[in-house]
Amino acid sequence: MVDHQMIQKMVKDLRQARRLIKGYQEIGIPEIERCLRMADMNLHWILWGCGEAVQYLPDLPLED
Amino acid sequence: MDSGKFLSSKGYEARYWNEYSQTMSQEKLSELHLKRIKNFLRYAYDANKFYRGLFDRQKVNIDDIKTLEDFKYRIPLTDKPMIQESQNPYNLYGDNLSVDVSFIAGHFVTSGTTGKPLHEAWEDYTIWRVGQSWCPAFWSVGIRPEDTFYFAFDFGGFAGFWSAYFGALRFGAKVISGAGVGVTTEKRIHQILELKPTVLVATPTYTLHMANVAKKLGINSVKTSIKYYVGAGEPGTASVPMIRKRIEEAWGCKCAEVLGVSELPVASPTCNAGDGFHEHEMHQFAWVRDPDTGKEVGEGEVGERIVTNLSNYATLWINYRTHDLVRPNYSCPCGCTWLYYKGGVLGRTDHMLIYKGTNVYQTAIENIVSSLPDASDYFQLVLTRENDEDLMTIKLEAKEDISPEDYGKLAKNLETEVKTKIGVSISVEIVPVQSLPRYEVKTRRVIDQRPEEYKMELAKKYKSF
């Protein structure tokens, strides 16, 4: 059974994680920038899969 | 931490790959689709020359799309030839490209089954999204990240094969490619014996062909390491129960299949509890259209699957005609709430044969042929036109151990079965063993030899649906 409360808490935390990641995406170190991009893509995709994210690309401005 | 090798123990016990999205209520799914589609239409209009031109020519104001019904009926249908029209060597992806070419991370082509191959552009995110779209099918049949996949094909530029590979990587599994210079079916069988993969990925017909070749080599395919089969590309284990049974018997494995259209970067999963597919509703919005009225069909009625893909932001597919004939159901015993196509893909609009007033579906014929013990897996449906009437002939190879003296009996049996189960008389010709072509990619079952001008008339009719 899905724990809906846990999902809602996770969604909130992941939105915050994405905000933190965005803060380092122009750090100027290619390896770190690519890793952060992949991390953000995965976070975006979790939110999308939970029916939360409607913005189609992770690169676009955050929705909240 | 209570962890297994790749997932937590709770994760391993999960019934679904993502229970949250796979059991989401229809209301919530519809609400989500509408939000995403409105957003997507804005993107298409702003970033994509093909769609902006189409909407402008058809005088469609995307801001007028307020409901899913508005979307289905006010946004024009699109079809492969419309997209292909603007593709040429100087403009590889044509006008249906929404990003600068530098964003393209994958170049693929369709298999070209229905004509000229279509060039496809995937951006970085699409590669992983389309890969992930295979995972519900893997999970539902019991495959886990510890499994090893063997891909029994040459990848080439065919998107469908690559997407399966990306799917296995995304799933966390080990991957073995069966591609390479000079790799024959015999070599692949020996690779399976040597490398011991647990999951075989191939088209259904090729999978059966591999089992036949193994038998000739004195190898019992049931006793290999293969525990699961994952197929796509042609009507297979979800659409034709007898093919599922034959593959299960030939390899001693469980079967999963995905429903895909090679230009659409998504794989809709087979339903483990039933005989059909679920639309992957996190990647796509789909509805099923009556070819005669243009309206959405009712539950259980046959129509054409129309999809809008939400996974690829380079090449867009909006209200796109798949030409697959399906039967939609809004509930399924497996508990997944995603739109369910009972019986899988029944046939194609471009191969639909209305024969003496009866719709004859390719999969119905396949089911009958594959149920006859003396019939091999190699057959073709040949369409001709005589005296203003469509005619279909089944050309079939008998199994190799059947004496040519018994060919007449086999033909008669098949004609009787078709007459009994479909209600029409179709002639059967038993052809020599090894005379029909073998395919590794997509088996061409339907050979349409009707006059070109007649086929063009049919195409116009289908275009005007």
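## Chain A, chain B and the two domains of chain B

In chain A, which has 64 residues, 11% of the residues are buried. The model described here is predicted. Chain A holds 2 helices and 0 strands, and its C-alpha atoms fill a box of roughly 40 × 20 × 20 Å along the principal axes.

**Contact between the chains**

The contact between the chains involves 13 residues of chain A and 18 residues of chain B. On chain B, the elements that give two or more residues to this side are α2 (19-22), α3 (26-47) and α7 (124-133). The most comes from α3(B), which gives 7 residues. By class, the side of chain B that touches chain A comprises 10 nonpolar, 3 polar and 5 charged residues.

**Domains of chain B**

The domain assignment divides chain B into domain 1 (1-348) and domain 2 (352-463). Taken over C-alpha atoms, the centres of domain 1 and domain 2 of chain B are separated by 27 Å. Their contact takes 25 residues from domain 1 of chain B and 15 residues from domain 2 of chain B. On the domain 1 side, α11, α12 and β15 (347-348) of chain B each supply at least two residues. The residues of that side divide into 12 nonpolar, 9 polar and 4 charged.

**Strand β6(B) and its partners**

Strand β6 of chain B spans residues 228-231, and both of its faces are covered. B:Tyr228 and B:Val230 are buried on one side, and B:Tyr229 and B:Gly231 are buried on the other. In general, side chains of a regular strand alternate between the two faces of the sheet.

Strand β5 (residues 199-202) of chain B pairs with β6(B) in the parallel sense over 4 bridges. Within this pairing, B:Leu200 has B:Tyr229 of β6(B) as its bridge partner. The chain passes from β5(B) through helix α11 (residues 204-216) of chain B to β6(B) in a right-handed β-α-β crossover.

Strand β7 (residues 254-259) of chain B runs parallel to β6(B), and 4 bridges join the two. Here B:Tyr228 stands opposite B:Lys254 of β7(B). From β6(B), the chain crosses through helix α12 (residues 241-251) of chain B to β7(B), and this β-α-β crossover is right-handed. Both crossover helices recur in the domain contact, as α11 and α12 of chain B each supply at least two residues of the side of domain 1 that touches domain 2.

**The sheet β20-β19-β18-β21 of chain B**

An open sheet of 4 strands in chain B has the order β20-β19-β18-β21, with mixed pairing. Its edge strands are β20 (427-431) and β21 (446-448) of chain B, each of which pairs on one side only. On average, neighbouring strands of this sheet are turned by 25 degrees against each other, direction ignored. Strand β19 (residues 389-398) of chain B runs parallel to β20(B) and is joined to it by 5 bridges. In this pair, B:Ile394 stands opposite B:Val428 of β20(B).

Two helices of chain B lie across strands of this sheet, as tabulated below.

| Helix (chain B) | Strands crossed (chain B) | Angle |
|---|---|---|
| α13 (residues 362-371) | β18 (375-386), β19 and β21 | about 140 degrees to β18(B) |
| α14 (residues 407-421) | β18, β19 and β20 | about 150 degrees to β20(B) |

Strands β18 and β19 of chain B thus appear in the list for α13(B) and in the list for α14(B).

Definitions and conventions. Residues are numbered from 1 along each chain as its sequence is written. Chains are lettered from A and ligands numbered from 1 in the order in which they are written. This is a predicted model: local features need pLDDT of at least 70, side-chain atom pairs count only at pLDDT 80 or more; totals for chains, interfaces and linings use all residues. A residue is buried if 20 or more other C-beta atoms lie within 10 Å of its own, exposed if 12 or fewer, and partly exposed in between; C-beta atoms are placed from the backbone. Two strands pair if DSSP finds at least two bridges between them. A crossover is right-handed if, with the strands pointing away from the viewer, the path from the first strand over the helix to the second runs clockwise. Two residues are in contact if their C-beta atoms, placed from the backbone, lie within 7 Å. Ala, Val, Leu, Ile, Met, Phe, Trp, Tyr, Cys and Pro count as nonpolar, Asp, Glu, Lys and Arg as charged, and the others, Gly among them, as polar. Domain bounds come from an automatic or database domain assignment. Axes are lines fitted to C-alpha atoms, for helices over the stretch in contact, and angles run from 0 to 180 degrees between N-to-C directions.
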